[in-house]
Structure formats: C-alpha cells, structure tokens
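Here is a briefing on the structure shown below. Sheets come first, then helices, the core and selected buried polar residues.

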Amino acid sequence: MQLLALALYHRDGRPTPRVVKFRPGALNILTGESETGKSEILDIVDYCLGRTTHTLPDEPIDQTVGWYALLVAFRDSRMVLARPRPAGASTTQAMFRTGDDTLDLPPADQLIATSSVAALRAEVSARLGIEDFRFQPPPGAVRPAFNVSIAQATLLCLQNQNEIADKKALFHRQTENGMAQAIKDTLPYFLGAAGPQQALNRHHFNEAQRAQRAAQRKLDDAHRRREAVDADGVALLRLAQSEGLLSEVPQTPAPEEIRRLLEHALTATVAVVGPTDLTDRRHQLSEERRALREQLQAADQSLALVDRWQKQGEAFTGELHLQLGRLRSINLLGPERDHDNTVCPMCTRPLEHPDAPAAEILALTEQLADELHQAQTVQPIRDEHRRSLQTERAAVIEQLRVNGVQLRELNASDERMRSLQDQQVRIARIQGRIDQALTTSSGPLSGDIATLRNNLAVARENVAALQAMIDEDDVAAETERRLTDVAADMTVWAKRLNLGQAAAADEVTVSLSQLNVVVRRPQGRLPLNRIGSAKNWIGYHMVAHLALHTYLRRHHRPVPAFLMLDQPTQAFFPAKIKDATTVRDADWDTVTAYFELLRDVAELNEGALQIIVCDHANLTDHPWFQDSIVENWRPIDGRRQALIPTDWLD
C-alpha cells in the first residue's frame with residue numbers, strides 16, 4: 001500500500017478540495033518555510049489510517065477543514081479512506097471506498113460517515129494481507145489480547161519530528177502507554193518470524209497452562225480437604241478420649257483407623273450418676289440459718305442492754321459513794337450540831353433561807369448508805385445474767401457454723417451434680433460432631449483424588465506437547481535472525497553517513513527488547529541513548545527504518561510500503577527557522593548525504609517503497625532533489641504557499 005493523494009475538504013462544502021499528490025515507488029519531498037503545515041501531513045495520514053485520538057492542531061486546520069481523505073493504492077486496487085473532522089478528543093467515524101485503478105477522490109457532497117474506524121482498519125488490513133488472528137499475551141501478562149491490524153503496522157511507517165530525533169525510542173508512538181509492548185508483540189509477525197499458527201499455538205499453550213493450574217488447584221483442594229477431615233477426626237478422637245468414650249487413641253492413626261474409632265465413639269456410653277433433688281434440704285438449712293441469725297441478733301441486743309445497765313449502775317454507785325463521802329463529814333461536828341440553823345454562825349445574823357439541820361443530814365446519809373448497799377447486792381445477779389447471755393450467743397454461733405458447713409457440703413454436692421450433667425451435654429455434643437464428620441467424609445474422596453491426579457497428569461502432558469511445538473518455532477531466535485538481515489543494510493548505511501561509533505562498529509542493529517538502535521563494537525554493545533548529538537540520533541533512525549522497510553519489501557511482508565519522515569535535517573539548522581535555504585553556514589554536505597541515501601534506497605527498492613519527507617531543506621543545485629519535490633511551500637509572486645490555501649483563511 002502506497003499513498004497517491006491526500007485531500008482536505010473545506011467545512012463550508014466547497015466542491016474543490018485541497019489535494020497533495022504523491023508519487024508511488026519514489027522519493028517524495030514536501031519542502032517549505034516553517035508553519036506552513038508540513039508536519040501536519042504526517043498527523044493527517046495517521047488519522048486517516050484509523051487513529052481514533054487525533055493530534056491535529058486547532059488552527060487553522062481544524063477551523064477550516066471538515067473532512068480528511070487519503071487515496072491509497074494496493075497492488076491491484078485502490079481505496080479512499082476518509083474521516084470527518086473530530087468534534088472532540090477522539091472519534092470512530094469513517095468512510096471508505098474501494099475500486100480499481102480508476103478510483104479517485106470523491107467530491108465533497110459524497111462524504112458521509114457510513115462506517116467506523118474498526119471496519120476501515122479491517123478492510124485495509126485484509127487488502128494489505130495481514131492475516132486475521134488475535135495476539136495472545138503470554139501467561140501472567142496484564143495486557144489484553146488484541147487483533148493484529150493496520151493499527152500496529154502503521155507504527156513502522158511514520159516518524160514525526162520529535163520521534164526521529166529521539167535517542168530513547170525508535171518507533172512511532174513508542175513512548176505512549178502500551179505502545180512499546182504492542183510493537184514488541186507484533187514486530188516478529190511483520191518480519192515474518194511468527195504468524196497465526198504460532199499465535200494459535202501460543203493461545204492453546206496459554207489455555208493448556210490455565211487448565212493445568214486449574215487441575216493442580218483442584219487436586220490441592222482435595223488434598224487439603226482430606227487433610228482437614230483427618231485433622232478434624234483426630235481432634236474429635238482426642239475429645240472423645242478425654243470424656244471417656246474411648247480408652248486409647250494412637251498418636252498418628254491412619255485414615256481408616258480414624259473412621260473406625262469415630263464410629264466406636266459414636267455408639268459408646270458413659271455411666272453418669274443421675275441428679276438428686278436437694279432443693280428441700282437446701283431450703284431447710286436456709287430457714288434454719290435465718291432463725292439462727294435472728295437468735296444471734298437478739299442475743300447481741302440483750303448483751304448490749306446488759307452492758308448499758310452495767311455502765312449506768314457503775315455511774316450511779318460512783319455518784320452515791322461521792323455524795324456519801326461528803327455527807328459523812330457531818331460526823332466531825334461536836335456541839336455545833338445543835339446550833340440554830342436559822343442564824344449565821346459567823347455573824348449571828350438571821351438567814352434568809354435556814355440551813356438544813358444536822359439531824360436531817362445524818363438521816364439522808366443513812367438513807368444513801370442503805371441504797372448503796374442495795375445496789376451492790378444486785379451486781380452479782382447482773383453478772384450472772386450476762387454470762388448466761390454470752391453462753392447462749394456462743395451456742396447460736398456454733399449452730400451457725402454447723403449450718404454453714406452443711407450448706408457448703410450441699411453446694412459442693414450440687415456442683416458435682418452439675419458437672420456430671422455438663423459432662424453429659426459435652427458427650428452429646430461430641431457425638432453430634434462425630435456423626436456430622438462421618439456423614440461429611442462418607443463421599444468417595446479417595447476416588448476423587450485419584451481422578452484429579454490423573455487429570456493433572458493429562459494436563460501436564462498437554463502443556464509439555466504444546467511447549468515442544470512453541471520451542472520448535474523459537475520465535476525469538478527467528479526474529480533475531482531476521483533483524484540480523486536488517487542489520488546488514490543498517491551497518492553499511494550508518495558507515496556511509498559517517499554516524500558516531502559506526503566506523504568501528506561490527507554491526508548496527510535493532511534491539512527488540514530495547515526497541516532502539518544498538519551499535520555492536522569489539523568493546524561491547526552501545527545503545528543509541530549513549531551516542532551523542534541529534535545528528536547521530538536522526539541518522540540512526542533513518543538507516544534503521546530504511547533498512548527495515550527494505551527488508552519488508554524484499555520479503556513481501558504485510559506492512560504499508562511507505563515511510564514518512566518529518567524534518568530529518570532539523571539537527572543542522574537553528575531551532576527556530578523560517579526557511580532553511582537562507583542558512584548559509586549549515587552542514588549542507590551532510591544534509592545532501594542524508595537525502596542522497598533516501599533517494600538511493602527508494603531506487604534500490606525499484607518502486608516497491610515510497611519515501612515521503614517533509615523538511616525545510618531545498619537543494620536547488622541538485623536536479624534529482626528538485627525532481628523529487630511534490631510540494632514547495634514558499635511564496636510565489638508574494639502569495640503564501642501552504643497546506644491550507646490562502647483563500648480558505650479569508
């Protein structure tokens with residue numbers, strides 16, 4: 001497949017599109033000043049070939065163009081690939097037509113989005129000869145499977161101005177997420193090292209590996225279930241032994257012995273004493289204890305009352321003794337006893353209140369002495385009563401102690417009874433678990449394990465057979481061999497351009513693992529990112545893609561037969577340049593050498609390869625260069641020449 005023409009249709013429906021024509025099988029050069037739309041040519045081609053996410057600039061292209069179209073030629077047919085201006089970041093709308101060599105670009109009124117990008121890619125892929133198969137990633141890969149199509153083949157055909165000078169990446173869109181792996185996955189197929197059969201073998205191998213892993217999981221699960229059943233059975237045997245259902249259990253019983261012992265434990269019985277009704281006796285003892293506590297409380301209250309009386313009596317007799325001692329001092333009087341008690345003995349004056357006569361005081365003294373004697377006679381009776389109360393209290397305390405002992409013995413007996421009842425519950429629970437375990441493990445688990453082991457052996461044999469088929473294919477080794485053929489031209493052309501490290505190189509090749517150029521020297525391998533200067537990066541990109549496409553054309557591989565390069569001479573001019581022809585001190589000899597290599601490779605392929613270059617350079621002294629120019633976007637008679645016509649901008 002090669003490009004015949006690119007067309008831009010105005011948004012207002014003008015009947016005449018802007019058309020850029022290309023010559024198949026030759027070097028095509030689009031030259032001109034900067035900002036004339038040269039770099040957009042590559043983006044438009046990429047978009048028309050089915051890219052859903054466009055990279056077209058907003059102005060002036062997106063503001064004026066309504067449709068983009070490519071006219072492409074196959075060996076015996078043509079196709080028109082048209083895409084409407086995307087309304088958002090992406091679109092899947094498309095239109096395509098097929099026909100013979102008379103097919104041409106359609107008029108604007110016939111552009112209708114009647115198809116999709118998927119259908120467009122499928123049709124182009126079929127006409128290219130890309131076989132219909134789905135690439136299956138190896139086991140364990142997180143990337144999804146995908147259909148091999150023009151989408152991957154296009155990545156080998158385009159180099160925009162940033163990519164051609166990239167020292168770390170070799171292919172179009174390689175730095176985008178997932179693209180590098182897609183190139184690694186499909187490059188062996190496009191080189192001819194692998195095909196649908198290898199992909200089918202890989203798919204069957206992946207399926208066989210999944211089946212083997214599934215069989216292994218099932219067998220492992222069966223073993224785990226068997227081990228779990230055995231472990232649970234041994235645990236149940238230990239429990240049954242602890243409750244007296246079994247007399248002896250081996251340390252590591254065999255599965256058959258486990259089942260036999262469990263069945264024995266299920267039917268075994270243990271003699272358990274039946275419960276006795278102790279409620280009445282406990283009630284009797286409780287009532288007795290309550291009465292004893294009441295008696296003890298009454299005794300304590302009586303003792304307290306006796307003690308209170310004792311203290312009050314001691315206080316009373318003490319006071320009597322004190323007053324009696326005072327009154328008895330009257331006995332010390334002599335004749336004064338008979339003194340008139342109405343007259344003061346000191347001043348002989350009459351008293352307002354007469355004193356008590358001595359005889360009356362003596363009578364009171366005798367009365368107090370008598371009362372004191374009576375009080376002292378009561379004390380022995382009170383002491384006897386106190387001792388009686390204490391004896392009674394001690395007897396009640398002893399009865400309480402005996403009652404407490406009886407209650408504790410009763411509670412202990414009750415606890416033993418509850419323990420026996422709990423043992424019955426535990427035995428019933430254990431036997432229930434044993435019955436459940438025997439029911440669960442009664443299935444043909446051993447037979448299942450044997451079947452699963454046989455299934456795993458069959459799955460392993462299937463994987464081994466498919467692995468042998470894949471090893472016979474040895475896609476990686478075949479890919480390296482074909483890249484060695486590509487390297488032969490790369491090495492010659494790198495030395496021709498006098499690229500850095502090429503003179504001493506044994507081989508200049510493409511590394512599939514790195515997706516970059518590698519220079520092999522006697523000192524070792526040197527990747528492109530360790531070779532300096534943009535001149536070398538661009539030069540190695542050129543020779544790699546020219547050699548790769550020459551190999552693809554030689555072996556008639558299903559890859560579009562065109563290579564599009566954007567600004568391959570950018571390293572020889574200032575970063576911002578309007579027209580390279582105005583730069584006099586550039587390395588024009590090297591620029592000429594680059595274009596001469598492009599011309600010679602196009603001629604070497606004898607029409608099988610189309611090379612399209614968009615560049616600032618214009619070698620006016622070389623007729624072959626001028627003959628290769630298909631568009632020259634420099635002012636003519638003061639009128640600006642560019643991809644978008646001037647009248648479209650008015």
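Helix H13 (residues 588-604) lies across S3, S14 and S15, and runs at about 160° to S15. The model is a predicted one. The sheet beneath this helix has 5 strands, is open, and pairs in the parallel sense. A second open sheet has 6 strands with antiparallel pairing.

**Parallel sheet**
- The strand order is S10-S14-S15-S3-S16.
- Strand S10 (158-159) and strand S16 (629-633) are the edges, each pairing on one side only.
- S10 pairs with strand S14 (residues 562-566) in the parallel sense, over 2 bridges.
- Gln159 has Leu565 in S14 as its bridge partner.
- Helix H1 (residues 38-48) lies across strand S3 (27-32), S10, S14, strand S15 (610-615) and S16. H1 runs at about 140° to S14.

**Antiparallel sheet**
- The order here is S2-S1-S4-S5-S6-S7.
- Strand S2 (18-21) and S7 are the edge strands, and each pairs on one side only.
- Strand S1 (residues 2-10) and strand S4 (residues 65-73) run antiparallel and are joined by 8 bridges.
- Within that pair, His10 stands opposite Val65 in S4.
- H1 packs on this sheet, where it touches S1, S4 and S5. The direction of H1 makes about 80° with that of S4.
- Helix H3 (residues 117-128) also packs on the sheet, touching S5, S6 and S7. Its direction makes about 30° with that of S6.
- Strand S5 (residues 78-84) pairs with strand S6 (residues 93-99) in the antiparallel sense over 5 bridges. Val80 has Arg97 in S6 as its bridge partner.
- S6 is joined by 2 bridges to strand S7 (residues 115-116), and the two run antiparallel. Ala94 has Ser115 in S7 as its bridge partner.

**Helix H1**
- H1 contacts strands of the parallel sheet, and it also packs on the antiparallel sheet.
- How many residues of H1 are buried? The count is 11 of its 11 residues.
- The buried residues include charged side chains such as Lys38, Glu40, Asp43 and Asp46. Among the others are Ile41, Leu42, Ile44 and Val45.
- Just after H1, Gly50 takes a positive phi of about 115°.

**Nonpolar core and helix packing**
- The largest nonpolar core holds 109 residues. Tyr540 and Phe595 touch the most other members.
- Helix H12 (residues 534-554) supplies the largest share of this core, 11 residues.
- In soluble globular proteins, nonpolar side chains tend to be buried together.
- Beyond residues up to four places away in sequence, Tyr540 touches a set that includes Ala494, Leu499, Val508, Val517, Leu528 and Ile531. Gly500 and Gln501 are also among its contacts.
- H12 and H13 pack with their axes 10 Å apart, at an angle of about 5°. H12 is therefore roughly parallel to H13.
- On the H12 side, the contact is made by Lys535, Ile538, Gly539, Met542, Val543, Leu546 and Thr550. On the H13 side, it is made by Thr590, Tyr594, Leu597, Leu598, Val601 and Leu604.

**Buried polar residues**
- Thr550 lies in helix H12. Thr550 counts as buried because its relative accessibility is 2%.
- Leaving aside neighbours within four places in sequence, Thr550 is in contact with Asp489, Trp493, Val601, Leu604 and Asn605.
- Asp185 lies in helix H5 (residues 179-191). Is Asp185 buried or exposed? At 11% relative accessibility, Asp185 counts as buried.
- Beyond neighbours within four places in sequence, Asp185 is in contact with Phe135, Arg143 and Phe146. A polar contact of 2.9 Å joins its side chain to that of Arg143.
- Asp185 and Gln136 are 49 residues apart in sequence, and their C-alpha atoms are 9.1 Å apart in space.
- Arg634 lies in the loop between S16 and helix H15 (646-649). With 10% relative accessibility, Arg634 counts as buried.
- Which residue makes a side-chain polar contact of 3.0 Å with Arg634? The partner is Thr31.

Methods: Residues numbered from 1 in each chain as written. Predicted model: local features only at pLDDT ≥ 70, side-chain atom pairs only at ≥ 80, totals over all residues. Heavy atoms only, no water. Pairing = 2+ DSSP bridges. Helix = DSSP H or I, 4+ residues; strand = E, 2+ residues; numbered from the N terminus. Contact = heavy atoms within 4.5 Å. Axes fitted to C-alpha atoms, helices over the stretch in contact; angles between N-to-C directions. Buried < 20%, exposed > 50% of the residue type's maximum accessible area, 1.4 Å probe, protein only. Polar contact = N/O pair within 3.5 Å; in protein donor to acceptor, adjacent residues only side chain to side chain. Core = buried A, V, L, I, M, F, W, Y, C linked by side-chain atoms within 4.5 Å. Parallel < 35°, antiparallel > 145°, perpendicular 65-115°, else oblique.
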